[in-house]
Structure formats: structure tokens, C-alpha cells
Amino acid sequence: MITDVPGIRVGNWSDPVAMTGCTVVLAPPGTIGSGVVRGGGPGTRELAILQPGMTAEEVNAVVLSGGSAFGLGVADGVMRWLEERGVGIDAAGWIVPIVPEAVLFDLNLGDSSVRPGPDEGYAACEAAGDDLTEGNVGAGTGATVAKTKGLERCRKGGLGSASARDGDLVVGALAAVNAVGDILDEDGGVLAAPLPGDDDAVTALPGINTTLVVVATNATLSRERANLLAIAASEGMVQSIRPVFTAWDGDTVFTLATGEIEADQSVIEELSIRVTADAIRRGVRAATGVPGAPAAGDEA
């Protein structure tokens with residue numbers, strides 16, 4: 001899991017009735033972060049400060065949330081939780097937590113009037129720890145995949161995580177999988193595709209998608225190298241989702257580097273690709289079917 005990276009903790013808040021939720025990744029002090037958007041329909045907060053050349057390099061937490069743009073308020077609760085503990089950057093004597101966030105669209109399942117907000121973000125922080133549940137939880141609660149033939153033929157997505165090691169180097173990934181595309185298995189076969197139907201029917205791709213990924217490592221990285229790692233980790237999305245980075249997805253990758261060891265950039269990037277693809281597949285395999293979205297292995 002991503003929590004195999006020392007110091008990384010994950011907390012979830014889930015509403016299985018309204019079919020929405022949020023996920024918080026808490027980082028240890030001194031963590032350097034970055035991020036990239038690869039899809040055409042993102043909903044993000046504090047993404048600009050993660051780019052190379054910006055002054056605040058430390059990241060205190062990353063938020064993944066359902067609720068579409070309504071869910072961007074989750075980070076307010078996470079900031080409140082961190083501020084109460086004195087966590088953040090020193091801005092002329094004021095402590096300001098740095099909490100980037102990205103959201104996915106899950107309003108099509110459950111009760112669309114219920115969206116995660118500040119209180120739910122605070123609750124996710126309270127629940128954070130080393131143990132991690134996958135599937136219909138957190139930001140993956142209302143996630144769906146395989147929507148190229150329309151919502152009526154979609155499959156259930158979810159939250160997944162994976163990690164890999166090379167000596168003392170640890171790289172982990174967390175993914176909230178809500179893609180418009182199909183999910184591919186390790187051999188390039190189809191793990192989750194639209195339910196059977198008229199494949200000749202022309203259906204516009206709905207703008208209710210987005211896969212969100214957090215990659216964490218115990219390596220020491222500069223902001224520039226962390227940004228390159230986010231770009232490289234995106235290849236894991238290419239290997240596991242088809243199509244990906246479409247105009248109807250807000251696909252976003254965050255990276256966190258805790259700075260415990262020195263490691264070769266190429267090795268970190270290779271592992272990041274592997275764990276990103278694994279986390280995406282695990283999120284879909286762990287998901288259980290709900291009304292309107294059968295799981296990958298379920299019949300229509």
C-alpha cells in the first residue's frame with residue numbers, strides 16, 4: 001500500500017448511501033510535492049504552487065474527493081485539522097498548511113445533493129492511519145469506469161493502492177479510479193468494459209469522469225524531480241486505462257517525496273509506473289457492484 005512509505009498515512013470518509021466520499025493523504029514534515037494534470041476536465045486546488053519554480057515546496061497533505069467541484073471544500077477541513085496541530089509553512093509568523101486537492105465527478109450515483117465538505121475532510125484526517133481499505137471507500141465510493149458507451153453500461157470503480165521496493169527505496173501509489181475508459185489487466189486484456197449492448201450505437205462521452213493518483217516515495221527529490229516523477233507515473237495510467245487523458249477526464253497525478261534516502265530517478269520512475277497501474281487495477285478489482293454500476297466481474 002502507499003502507507004508502506006514510512007510516515008505516509010491515509011484517512012477516508014465515506015457515505016455508502018449517497019455514494020460519495022473523500023480521501024486524505026497525510027505527509028510527514030519536510031515532504032516535497034508536485035503534480036500534473038493530464039486530462040481535459042480537471043477540478044483542482046493549490047495545483048499551481050506544486051509547479052517547479054514556486055516558493056513553497058513542502059506539502060502537508062493531499063486530498064482526493066468526490067462531489068465534483070462542490071468537493072473542493074474538503075481541503076478547508078484538512079487545513080483546519082493541520083493548523084490545530086501546528087502543521088504548515090511559516091508565513092511571516094502564521095502557520096499555513098499546504099493542501100493540494102483534486103476532485104472527481106460521482107454525482108451520477110446515490111444522492112447527488114450530498115457532497116463531501118470541510119467536516120468530512122476533518123473526519124478523514126481523524127481516521128488516518130497505516131491501514132487502508134480498497135474498493136467502495138473514500139474518493140472511490142461513487143467512482144465508475146468504462147463509460148464510453150454511456151452511463152447505463154458503466155462498471156463500478158473504486159479506491160486502490162499498491163507499493164514496490166528496490167532495496168531501501170519504497171514507492172507507493174493510491175488511485176481513485178473513475179475513468180471514462182476501460183480498465184486493462186496486466187497482460188493488456190480488458191478487466192472492466194461496458195456492459196453488453198449495441199456497440200454500434202453512437203454515445204457521446206459524458207463529462208463525469210477523472211482518475212486521481214497520489215504517488216509517494218521515501219526518496220529525496222527536488223520540486224523539479226518530483227514534477228518529472230508525476231509525469232512518469234502517468235504512464236501507469238496509460239498501461240491500465242483505455243482511453244485515458246481524454247477531454248472528458250480530469251486525470252491528475254500528485255507526487256510526495258519524504259526525503260529519507262537517495263535514489264536514482266530512473267528507478268523511482270520505473271517503480272512509480274508499476275505501482276500506479278497496479279493501484280488502478282486493484283481499485284477496480286476491490287470495488288463491489290451497486291445499483292446502476294455492476295462490478296468488473298458481475299453480470300448485467
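**Exercise 1. How many of the seven residues of strand E2 (residues 20-26) are buried, and what follows for the strand's surroundings?**

Solution. This is a predicted model, in which local features need pLDDT of at least 70, side-chain atom pairs count only at pLDDT 80 or more, and totals for chains, interfaces and linings use all residues. Residues are numbered from 1 along each chain as its sequence is written, and side-chain values use heavy atoms, with hydrogens and water left out.

Step 1. Fix the terms. Buried means under 20% relative accessible area, exposed over 50%, and partly exposed in between (1.4 Å probe, protein chains only). Helices (H or I, at least four residues) and strands (E, at least two) are DSSP runs, numbered from the N terminus.

Step 2. Count. Seven of the seven residues of E2 are buried, so the strand is largely enclosed by the rest of the structure.

Step 3. Split by direction. In a regular strand the side chains alternate between the two faces of the sheet. Thr20, Cys22, Val24 and Leu26 of E2 point one way. Gly21, Thr23 and Val25 point the other way.

**Exercise 2. Find the strands that pair with E2, and give the sense of each pairing.**

Solution. Step 1. Apply the criterion: two strands pair if DSSP finds at least two bridges between them.

Step 2. Take strand E1 (residues 9-15). E1 and E2 are antiparallel, with seven bridges. Ser14 faces Gly21 of E2. Four residues separate the two strands of this hairpin, and Met19 in the turn has a positive phi of about 60°.

Step 3. Take strand E5 (residues 61-65). E5 joins E2 through five bridges, again antiparallel. Here Leu26 is opposite Ala61 in E5.

**Exercise 3. Trace the five-stranded open sheet and place the helices that lie across it.**

Solution. Step 1. Write the order: E3-E17-E15-E12-E11, with mixed pairing. The edges are strand E3 (32-37) and strand E11 (159-166), each pairing on one side only. From one strand to the next, the twist averages 15°.

Step 2. Check two pairs. E3 and E17 run antiparallel, joined by six bridges. Val36 stands opposite Val253 in E17. Strand E15 (residues 212-219) and strand E17 (residues 252-261) are parallel over seven bridges. Leu212 stands opposite Thr252 in E17.

Step 3. Check cover on one edge. Five of the six residues of E3 are buried, leaving the strand mostly covered.

Step 4. Add the helices. Angles run from 0 to 180 degrees between N-to-C directions; axes are lines fitted to C-alpha atoms, for helices over the stretch in contact. Helix H3 (residues 223-240) lies across E3, E15 and E17, at about 45° to E3. Helix H4 (residues 265-286) lies across E11, strand E12 (169-176) and E15, at about 150° to E11.

**Exercise 4. Classify the packing of H3 on H4 and of H1 on H2.**

Solution. Step 1. Set the classes. Angles under 35 degrees count as roughly parallel, over 145 as roughly antiparallel, 65 to 115 as roughly perpendicular and the rest as oblique. A crossing is left-handed if the near helix is turned anticlockwise from the far one by less than a right angle, and right-handed if clockwise.

Step 2. H3 and H4 pack at about 40°, with their axes 7 Å apart. H3 is therefore oblique to H4. The crossing is right-handed. Contact means heavy atoms within 4.5 Å. Among the contact residues are Leu228, Leu229 and Ala232 of H3 and Ile268, Ile273 and Ile280 of H4. Their contact divides into nine nonpolar, six polar and four charged residues. For these classes, Ala, Val, Leu, Ile, Met, Phe, Trp, Tyr, Cys and Pro count as nonpolar, Asp, Glu, Lys and Arg as charged, and the others, Gly among them, as polar.

Step 3. The axes of helix H1 (residues 74-84) and helix H2 (residues 118-126) come within 6 Å and cross at roughly 50°. H1 and H2 are therefore oblique. Their crossing is right-handed. The contact includes Val78 and Trp81 of H1 and Tyr122 and Cys125 of H2. It has six nonpolar, two polar and five charged residues.

**Exercise 5. Is Arg153 buried or exposed, and what does it touch?**

Solution. Step 1. Locate Arg153 in the loop between strand E9 (144-145) and strand E10 (155-156).

Step 2. Arg153 has a relative accessible area of 10%, so it is buried.

Step 3. Not counting residues up to four places away in sequence, Arg153 touches Ala146, Pro194, Leu195, Pro196, Gly197, Asp198 and Asp199.
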